[in-house]
Each structure stands twice: as C-alpha cells, then as structure tokens.
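Here is a short tour to read alongside the model. Keep the sequence and the 3D view open as you go.

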Amino acid sequence: MQSFDATPLSDGDEQLLAALLDGMEAGLCAFDRDGVITHWNSEAARILGWSTEEAVGRHGFSGWAARSADAAEVQERLLGVMDGPGRQVHEFALLTKDGRRVLVRTQSAAVQSAAGQPVGVYCAFSEVHAQIDLERSIALSEALFDDASSGVVLIDADLRPAVVNAYAARVLHSSRDALLGRPLGDFLDQGVEELETVLQHVLSEGAPPAPSDLWISLRGDDGGHRYCWRSGFVRLGSPLGEEPVPLGVGWLFHDITDAKLAEQEASLLRFRTNQLHRAARAAAECEVPLEAATTYIDFALAGFAEHALLDMVSGSDSGKLVRIAATPTGGAAGPCLPVPGAIPVRYTEGHPALQAVDRCGAIRAGFGAEPPVSPAQIDAWAAARRWPDGTMHGLCVVLRSRGRTLGALTFLRGVGRRQFDRGDAAFAEDVALRVSAALDLGEATRAR
C-alpha cells in the first residue's frame, strides 16, 4: 500500500495497517491530494465488487465506480473536505462491478501531514439501508427508554437494573436513577424470588416462549397492594464474541393489575352464581325446609369460608338467638347439620350477629392485629364471640322474609385467609335470602 506521509513505514507497521483496514466493518478508501485512490479495503471490495488491485491507482470514480454524470460531483465533494474542518457526511450513488447502482452513506475527513498540511482524504462508507437499519435500532432503543407505554428494564448479569425507562420508574414508585445498580429485593417484596428465578433461567437457557404474569408487591408499600405485571424477557448477548456471552436480560412488562382483578372477580362471580344454581336444584328435592336451608349453606361454603352458623330468633324469648344448625367446630370440615335442642346462644352485647339483626344488614368482624400473633390470642378472640378456635374473620348477615327478621347467618374464616370484603357480603346476603325463604316456608307449613 502507498502512504500519505513521506516517512516510510516498517514492514510490521504496513502489515498492521493492512490488517486494521481489512478488518473494518465499513468500506474504506483514501485519495491523495490529486484524487488518486491509495487505499481500498476488503469491505469496500465486498460492497462494490471491485478488488483492491482494480481500485488502487485509479483517478477518482469516473468510468468505473460512478456514472460519468455523477463522478465529477462525487470527486469534488470528497476532495473538498480538505478545505474544511472536521468530518463531512454525504450520500452518493456508486456503481458495482456488475453495473448495479448502490446508494452509500460516507463519512470523509482530511488526512494531514506531520506539518499539518492536507495531503489527502479518507472516506468510510456503507450501504444506506444498513446504516438506516442501525439508526432505526438506535431510535427504537431511545424510544423504548423514553416514551414507551410499557416498562423496560435492562438487568445486568448480577441481577441489578442497569437502565430503567420512565414507565418502569413510575410503576416502581421511584426515580430512574435511584433504581440503578440496586438489588431487586431493595424495592420489590413479594414475588421477587420468582422474578429472580426467571431472570437466572433467561441468562442460562434463554427467554421463555411466552410472556408470564408476575404478581409483585413493592417494598415499603404500607397498603400491601399487589400488582400483576405481564412480563416478557430477552437475553442480551454480545454480537462481538465468537460465542454468545450473556450481558444481561431485557425485562419488558406492562401493568395489567386492573384487568387481572376484573378477570378474577368475573370468574369468582361465575363460580358463585353456578353454586347457587346447583344449590337451588338440590334444595328443590329436599322435603324438610331446614335441610333445604343447610343445602344452600353447604354449596355457599365452597371456597368462601370454613364454618357457618345458623341462628334463629327465639319465639319465646324475644331478642335471643337460638342455634339450629352449624358446621363441625373440631377436626375436619364438614357439612352444615342441624343442632339438637333449642338453647339460646350466649352472645354478649354488641356481638356481630346481634348487630346484623338490629341493623337488618351485614356486619364484618376481624381479629385486626398484624402478624405475628400467637394461636392462643386468636383462639381467645374467637372464644369471646362464641366462634370456633382459629377464627380470624367473621361475616354476619340477617335472615329476613315477608318483612320479618328470622335470625342471623354467620360465615367464618380462619388463619391465612383474607378478610371478608363488600363482594363477600353481597354474596352472603344472596345466600341469606334463599335460606330465609326455605326457613319461612317451614314456618308457614307448620302454621297450617
């Protein structure tokens, strides 16, 4: 190869320069001050089809690598770089050896001698479509980390966030910079172990075939809210290594908590409606009204509560409630069965069942204390309300029919269950309507 500088290069320097030029991922050519090509690397030969031997020594591109109508302008713009500062970017249409036109984007700059005088020009070029693909990839990355409507977090090989976009920071209730380099457990609580397991799998085995729904809670959230994030994962590997070396994981997620909760509520409503439908069909076959009432209770208990208590207002002792049916209080759970005798239940003043009767509505009660608590404390709280051991949550609803209060129906949940909510109260009231109708039918039948 020729050199711009008059100082000769050693054989080792020549070989190193040739290796560097041929190893470039862009085509490279160089011109001396008169426009004669002095360097032409292998990538330039690949793009245009002209070998180094065919290109070096030619004057400009006229007659071989550019159309005659374009060659003068191309050479003028390239050599004009010697008279201006810095690099210049141009787009030219060049010709391949087989006659095809290729649009290339060039970056050119002047080559200066040791005295600081311009002695030539070097020009690095690539096909425009390849450059556009690169720019699109860069633009996509910037858009994902600035304006994307989904969370994007780059996790390094140590499972620490390296880049966080605005959506992810907003969902994580933090700033983008505050999350960088911190362990996931510093800002995620429940669900962090599952997330770390998925990330480790992606690093070692690759991304799962489909997105997964992860339930996550945030550390420091006093409300204890849980969020459902539909998450996809991409393993990031270095394109420069001969073997793919994982650099980290791209975690893309979207908050679908509201949709997931609505889906769960709809599924629960379908199940409960189906249970009541099945209970109505079973109760229609019962000859004894109390059996029909307990049938409704048994179907309602599935997935809803562990225990149920059925109390009727005593006809002889106004204001007292008499236990007529209940589920087993010890050992394994069982169906709601009639209770022999008619002894009033010793409920204390202000008991939830008595409140439900007085207010003609639903009353919810709970242990209230935050864990950890001892089983003895829970049992003592339940015993004070005449409820089975282990009870932590109670729901009492009134039984009414034909404008009369017939009694109260109580559902109970134990340790590890969530407290009753408004949706549960509405379902319990629906069950109570059917139980009331069955019991009132029994009274009407006896009156005849």
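Which residue in S4 does Gln-88 stand opposite? Gln-88 faces Ser-108 in S4. This is a predicted model, in which local features need pLDDT of at least 70, side-chain atom pairs count only at pLDDT 80 or more, and totals for chains, interfaces and linings use all residues. Residues are numbered from 1 along each chain as its sequence is written, and side-chain values use heavy atoms, with hydrogens and water left out.

**The chain as a whole**

- The chain has 13 helices and 16 strands; these are DSSP runs, with helices (H or I) of at least four residues and strands (E) of at least two, numbered from the N terminus.
- Of the 448 residues in the chain, 39% are buried, where buried means under 20% relative accessible area, exposed over 50% and partly exposed in between (1.4 Å probe, protein chains only).
- About 24,500 Å² of the chain is exposed, with carbon and sulfur atoms supplying 53% of it; accessible areas come from the Shrake-Rupley method with a 1.4 Å probe, and for residues only the protein chains shown count as cover.
- Among contacts (heavy atoms within 4.5 Å) between residues at least 6 apart in sequence, 50% join residues at least 24 apart.

**The sheet with S1 to S5**

- Five strands, ordered S2-S1-S5-S4-S3, make an open sheet with antiparallel pairing; two strands pair if DSSP finds at least two bridges between them.
- Strand S2 (37–40) and strand S3 (88–95) are the edge strands, and each has a single partner strand, so one side of each is left without a neighbour in the sheet.
- On average, neighbouring strands of this sheet are turned by 30° against each other, direction ignored; axes are lines fitted to C-alpha atoms, for helices over the stretch in contact, and angles run from 0 to 180 degrees between N-to-C directions.
- Eight bridges connect S3 with S4 in antiparallel fashion, and the hairpin of these two strands has five residues between them, with Gly-99 taking a positive phi near 95°.
- Strand S4 (residues 101–112) and strand S5 (residues 118–127) are antiparallel and joined by nine bridges; Val-104 has Glu-127 in S5 as its bridge partner.
- Helix H4 (residues 68–79) lies across strand S1 (27–32), S3, S4 and S5, and runs at about 155° to S3.

**The sheet with S6 to S10**

- Another open sheet has five strands in the order S7-S6-S10-S9-S8, with antiparallel pairing.
- At its edges stand strand S7 (161–164) and strand S8 (212–217), each with a single partner strand, so one side of each is left without a neighbour in the sheet.
- The average turn between neighbouring strands of this sheet is 35°, direction ignored.
- Three bridges pair strand S6 (residues 151–156) with S7 in the antiparallel sense, and Val-153 stands opposite Val-164 in S7.
- Helix H8 (residues 192–205) lies across S6, S8, strand S9 (226–237) and strand S10 (246–255), at about 20° to S9.
- Helix H9 (residues 257–283) lies across S8, S9 and S10, at about 125° to S9.

**Tyr-167 and its surroundings**

- Tyr-167 belongs to helix H6 (residues 166–171) and is buried, with a relative accessible area of 10%.
- Its side chain makes a polar contact of 3.5 Å with the side chain of His-254 and reaches the backbone nitrogen of Asp-255 at 3.3 Å; a polar contact is a pair of N or O atoms within 3.5 Å, where within protein one must be able to donate a hydrogen and the other to accept it, and residues adjacent in sequence count only if both atoms are side-chain atoms.
- Leaving aside residues up to four places away in sequence, the residues that Tyr-167 touches include Ala-148, Gly-151 and Phe-253.

**His-307 and its surroundings**

- His-307 lies in strand S11 (residues 307–313) and is buried at a relative accessible area of 15%.
- The side chains of His-307 and Thr-327 share a polar contact of 3.2 Å, and a polar atom of the His-307 side chain lies 3.2 Å from the backbone oxygen of Pro-328.

**Helix H11**

- Pro-352, Ala-353, Leu-354, Ala-356 and Val-357 are the buried residues of helix H11 (residues 352–359).
- Their cover includes strand S12 (321–326), strand S14 (362–366), strand S15 (391–401) and strand S16 (404–414).
- Cys-360 follows H11 and has a positive phi, near 55°.

**Cysteines**

- The whole structure has zero disulfides, a disulfide being a pair of cysteine sulfur atoms within 2.5 Å.
- Cys-123 is in no disulfide, and its nearest cysteine sulfur, that of Cys-29, is 4.4 Å away.
- Cys-123 is buried, with a relative accessible area of 3%, and Cys-396 is buried at 0%.
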